[in-house]
Amino acid sequence: MSDAASLLVDIGNTNIKYSWFNPDSSVLSELLTCYTSLDALEEISKSANSIYICCVAADSELIKRLSQLGQPTANIVFLKARESELGIANSYPVVNNMGVDRWMCILACRALGSKNYLVFHAGTALTTDAVIGHAHIGGWISTGYTVSRRAISQQAAKVVDNSELLGTLQFGSDTPYCVANGALAQLIGVVSTAADLFAEQCEQFDIFIGGGDGKFLYDNLPNKLTLGCQYFDNLVLIGMAAVVSELNKNT
Ligand SMILES: Nc1ncnc2c1ncn2[C@@H]1O[C@H](COP(=O)(O)OP(=O)(O)O)[C@@H](O)[C@H]1O
Ligand SMILES: CC(C)(COP(=O)(O)O)[C@@H](O)C(=O)NCCC(=O)O
């Protein structure tokens, strides 16, 4: 890592991820996603000059510790969703209501060269966002794979989830299989439904899938080739790197 490298930190509702980024030498699509703990992040951040944070968690103790990363020397920037950035206008009238991780995913796909696209981030939530040209036209927030499974097993006394079991796209013949397969089918249903809906508004578009459960979703999508889906494990970090590159250009 060179002196110019910035530390990009993605704080989701389940995991903490980070990557080092140097605008002079890093290739956006090749940014490594490293999962970490807050304690380890505090150690890692000691060697950073600049730290960019994308955080959707709201725990006040966590935010306090994040604000102290790399102090007293590092420059810390908390990124947020904006009305307009990298040539894309946000559809939210109250832009602060949008999760900054969604905005980073939206910017990532633009930075990867797409014009019209759907972006899905399969994390704690499954988020869907649609962009046509210069405009984000809206999106969805649905339960993510693990949350769906936990929710149904917590709300229904006889529904048992076996977290060791990965879903497959087939009908189950016992409760844990029905739960695991049903949660996967829900994710696939969101992607297919969004693609159908978007096709009514936009003739040609790309589909990007990311997030911790993104590879699992992508691998199990029956129509991924006809839909032209692409999987990136690091969409939030790519969006952050695109923002940092732009900020560096303007300084
Ligand atoms: N190395 C890993 N560590 C933890 N979770 C992982 C890992 N790889 C994939 N996952 C999956 O990531 C999901 C959460 O996705 P992620 O995008 O990290 O969520 P968030 O951004 O909401 O924290 C979990 O449900 C888990 O299945
Ligand atoms: C929808 C989310 C919970 C997704 O977060 P994640 O699954 O990455 O932890 C997050 O983007 C968020 O808190 N959004 C705020 C509401 C909104 O985007 O409208």
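## The open sheet

Five strands make up an open sheet in this predicted model, lined up in the order S3-S2-S1-S4-S5 with mixed pairing. Out at the edges are strand S3 (34-36) and strand S5 (75-78), and each has a single partner strand, so one side of each goes without a neighbour in the sheet. Ignoring direction, neighbouring strands here are turned by 25° against each other on average.

## S1, S4 and the helix on top of them

Now for the pairing of S1 with S4. Strand S1 (residues 6-11) and strand S4 (residues 50-55) run parallel, and six bridges join them. If you want one pair to look at, take Leu-7: its bridge partner in S4 is Ile-51.

Helix H8 (residues 235-249) packs on this sheet, where it touches S1, S4 and strand S2 (16-21). The direction of H8 makes about 140° with that of S1.

## Around ligand 2

What surrounds ligand 2? The shell holds 14 residues, and the closest are Gly-12, Asn-13, Gly-99, Gly-123 and Thr-124. Sorted by class, you get eight polar, four nonpolar and two charged residues in that shell.

Where do the shell residues come from? Helix H3 (100-111) supplies at least two of them, and strand S9 (125-132) likewise supplies at least two. In terms of domains, the shell takes at least three residues from domain 1 (6-81 + 238-249) and at least three from domain 2 (113-146 + 156-231). Both domains, then, contribute to the surroundings of ligand 2.

Conventions. Residues numbered from 1 in each chain as written. Chains lettered and ligands numbered in written order. Predicted model: local features only at pLDDT ≥ 70, side-chain atom pairs only at ≥ 80, totals over all residues. Pairing = 2+ DSSP bridges. Helix = DSSP H or I, 4+ residues; strand = E, 2+ residues; numbered from the N terminus. Axes fitted to C-alpha atoms, helices over the stretch in contact; angles between N-to-C directions. Contact = placed C-beta atoms within 7 Å. Near = placed C-beta within 6 Å. Nonpolar A, V, L, I, M, F, W, Y, C, P; charged D, E, K, R; others polar. Domains from an automatic or database assignment.
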